Amino acid sequence: MYVAVKGGERAIENAHRLLAHERRGDREVPELTLAQIYEQLALGVDRVMAEGSLYDRELAALAIKQARGDLIEAIFLVRAFRATLPRFGATEPVDTGRMQIRRRISSTFKDIPGGQILGPTFDYTHRLLDPQLAEGFVPEVPATGEVSEAEMPRVTDILGRDGLIEPSPQAEPDAPVGDLTREPLSFPADRDLRLQNLARADEGFLLALGYSTQRGYGRNHPFAGEIRFGEVEVEFFAEDAGFAVPLGAIALTECQMVNQFKGSATEAPCFTRGYGLAFGQSERKTMSMALVDRSLRARELGEEVRAPAQDEEFVMSHSDNVQATGFVEHLKLPHYVDFQSELGLLRRLRQEFAEANASEPLQEAAE
Amino acid sequence: MNAPSYNFAYLDEQTKRMIRRAILKAIAIPGYQVPFASREMPMPYGWGTGGVQVTAAILGPDDILKVIDQGSDDTTNAISIRKFFGKTAGVATTTLTMEATVIQTRHRIPEAPLHEGQVLVYQVPIPEPLRFLEPRETETRRMHALAEYGLMHVKLYEDIARFGHIATSYAYPVKVNARYVMDPSPTPKFDNPKMDNCAALQLFGAGREKRIYAIPPYTTVVSLDFEDHPFKPYRFDAPCALCGAENSYLDEIVTDDKGGRMFVCSDTDYCEQRQAEGHRGRESAAPHKERAHV
């Protein structure tokens, strides 16, 4: 005798209770604090802030803890919270030229005004597992030097002074800022929306697309003009006060790619730009973003659109990992009503096939 | 830390107003997909975020909400969404189709006829009926604008040429108000006739794809077909094993590993109502047990 499946409600509750238990792990092991996460897993926190589109180290750390270290799940938690926040307005554009630099490198010049500053980086480390780090390792105090008063102009600005690189589009202070979280995206999309989409995009997806351009699928001959990481001031124009007030500082990574030049009968040839920007220290992300940004400018620069990385509809529709993971994983939901419908059709087709084949030898004999 | 707090039915009022505008536009142009600025919801994309946003935007404190998935009030995702609104809106919930003012559904239309004043909210994964024929949104929007639906008829014709039937058994395309070809969401085509001239308002929400569309009450909805291959809803030819219904959509239940099968109503409320009225099927047990509840 059959009784329809019941008790899903209790099953869900119990599953979530078990999840909470598993999340905590062995209770003999001390619980992680949020400070441990945002201090010691800082790059994971940066990624969650960048793709979650919310600059809050503590909430990002909470999300990582709640998500058991699954960063896409953590990004999802942050996004869902962000979506409910009231919008007061947009800040003034941040000036990365005035960044408090912690790291800044250029691969296009041996030396640059203000110097190459390596800062905290995995570059040039040997990737050997370090047993010392397993427990109780006390690192040396970092080396320090005099604070330089030198200006740190952006490398692209140096090239721009001689007209060797196309100018950045001029900011229009009164133009509304495009926001794909508030307005549905439509194609073709302008560069501001494309950059917003890329800034929120999955790092792995951008990495693969950027890599594909280097391997010939929409090649655009990039040089890492400059990568800089540090703090910038964020200012908000307060209507009441009548001037911009500082809200605080955020850490940003900016990558400016210098790409193959273009010119025409009427325009002198010059390098073109690809741009990447993300919260925190996110070099892989911003470099990939800059490669893909440049690729997506194919239409604007009169290049033939042939590779996936040049196809804005393809890139922008599939770059968001919260959307992608939701839809891929929704296949876990029950689909038995539709499956039943397909099953019915397939059985009918198979029956007709069998009937047709059964009568076929006779037909052949008749022929 | 900024401790989060949430509005009635989760979404803030500005967002609800934006969604309501999209809904009004959708009702004004039946079957047309209206873009809207879909928000991240606290459940994953593909799990009903479009339907949840539509429901959140139309729900009032006096509404009575029913949520079904695969026709059942008791499937895990239906429970999860019902609990979500129970928690964030505090509205009354029900499993009775007749009693509900708002019914959110995934993959089914209830068997009991809907009445005026009810709203059926569909969860939609891919709102574009032409998507699998043409992946580009820029192209499909143009095709809708020009009512250029030849490609869809060619696809249906090719099915007939290859299989002898139109090989689409769910998400079967319909034409709404003699204008827009529309995806009914992945409901089995058995349910398509219920959309036609329906007394209730039908709203469709696709969260990930950021589209809302609608069928106003008493609108003509026609399933696409050919004169010599007319549309036929599929139903397994058996009565429900629990309530004996001869006209309801059935789930196939595998009862053992020796080919044992039984068929029962997919619409659990419909089946329970019938059993309560004394209808019995071949396998019916004692009067139905535990109801889904919140």
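**Exercise 1. Into which domains is chain B divided, and where do their bounds fall?**

Solution. The model examined here is a predicted one, and the exercises that follow all refer to it. As a starting point, chain B is split into domain 1, covering residues 13-223, and domain 2, covering residues 235-286. The next step is to place these two parts relative to each other: taken over C-alpha atoms, the centres of domain 1 of chain B and domain 2 of chain B are separated by 26 Å. The last step is to look at how they meet, and here 14 residues of domain 1 of chain B are in contact with eight residues of domain 2 of chain B. On the side of domain 1 of chain B that touches domain 2 of chain B, the residues comprise five nonpolar, five polar and four charged ones.

**Exercise 2. Describe the division of chain A into domains and the contact that joins them.**

Solution. Begin with the bounds, which give domain 1 of chain A as residues 12-82 and domain 2 of chain A as residues 96-119 + 149-326. Their C-alpha centres lie 28 Å apart, and the contact draws twelve residues from domain 1 of chain A and 14 residues from domain 2 of chain A. Then ask which elements take part: on the side of domain 1 of chain A that touches domain 2 of chain A, α3 and α5 (71-82) of chain A each supply at least two residues, and α3(A) gives the most, with six residues. Sorted by class, the residues of this side of domain 1 of chain A are seven nonpolar, one polar and four charged.

**Exercise 3. Determine how helices α3 and α4 of chain A are oriented towards each other.**

Solution. Two quantities serve for this purpose, since two packed helices are described by the angle between their axes and the distance between the axes. Helix α3 (residues 42-52) of chain A packs against helix α4 (residues 57-66) of chain A at an angle of about 105°, and their axes are 9 Å apart. Because angles of 65 to 115 degrees count as roughly perpendicular, α3(A) and α4(A) are roughly perpendicular to each other. From α3(A) the contact involves A:Gly44, A:Val45, A:Val48, A:Met49 and A:Gly52, while α4(A) contributes A:Arg57, A:Ala60, A:Ala61, A:Ala63 and A:Ile64. By class, this contact contains seven nonpolar, two polar and one charged residues.

**Exercise 4. How many residues of chain B are in contact with chain A, and how many of chain A with chain B?**

Solution. The count is 54 residues of chain B in contact with 45 residues of chain A. On the side of chain B that touches chain A, the elements giving two or more residues are α3 (76-88), α4 (137-145), β11 (250-254) and β12 (261-265) of chain B, and α3(B) gives the most, with four residues. The residues of that side of chain B fall into 24 nonpolar, 14 polar and 16 charged.

One helix pair can then be examined in detail: helix α1 (residues 8-24) of chain A packs with α3(B) at an angle of about 80°, with axes 9 Å apart, and α1(A) is therefore roughly perpendicular to α3(B). In this pair A:Gly8, A:Glu9 and A:Ile12 of α1(A) meet B:Thr76, B:Ile79 and B:Ser80 of α3(B), a set made up of two nonpolar, three polar and one charged residues.

**Exercise 5. Trace the seven-stranded sheet of chain B and the helices that lie on it.**

Solution. The sheet is open, with its seven strands in the order β1-β9-β8-β5-β4-β2-β3 (chain B) and with mixed pairing. At its edges stand β1 (34-35) and β3 (92-93) of chain B, each of which pairs on one side only. Within the sheet, strand β8 (residues 201-206) and strand β9 (residues 211-215) of chain B pair in the antiparallel sense over five bridges, and B:Gln202 stands opposite B:Ile215 in β9(B). Turning to the helices, α1 (residues 13-28) of chain B lies across β1, β8 and β9 of chain B and runs at about 45° to β9(B). Helix α3(B) also packs on the sheet, where it touches β2 (64-69), β3 and β4 (102-106) of chain B, with its direction at about 160° to that of β2(B).

Conventions
Residues numbered from 1 in each chain as written. Chains lettered and ligands numbered in written order. Predicted model: local features only at pLDDT ≥ 70, side-chain atom pairs only at ≥ 80, totals over all residues. Domains from an automatic or database assignment. Contact = placed C-beta atoms within 7 Å. Nonpolar A, V, L, I, M, F, W, Y, C, P; charged D, E, K, R; others polar. Pairing = 2+ DSSP bridges. Axes fitted to C-alpha atoms, helices over the stretch in contact; angles between N-to-C directions. Parallel < 35°, antiparallel > 145°, perpendicular 65-115°, else oblique.
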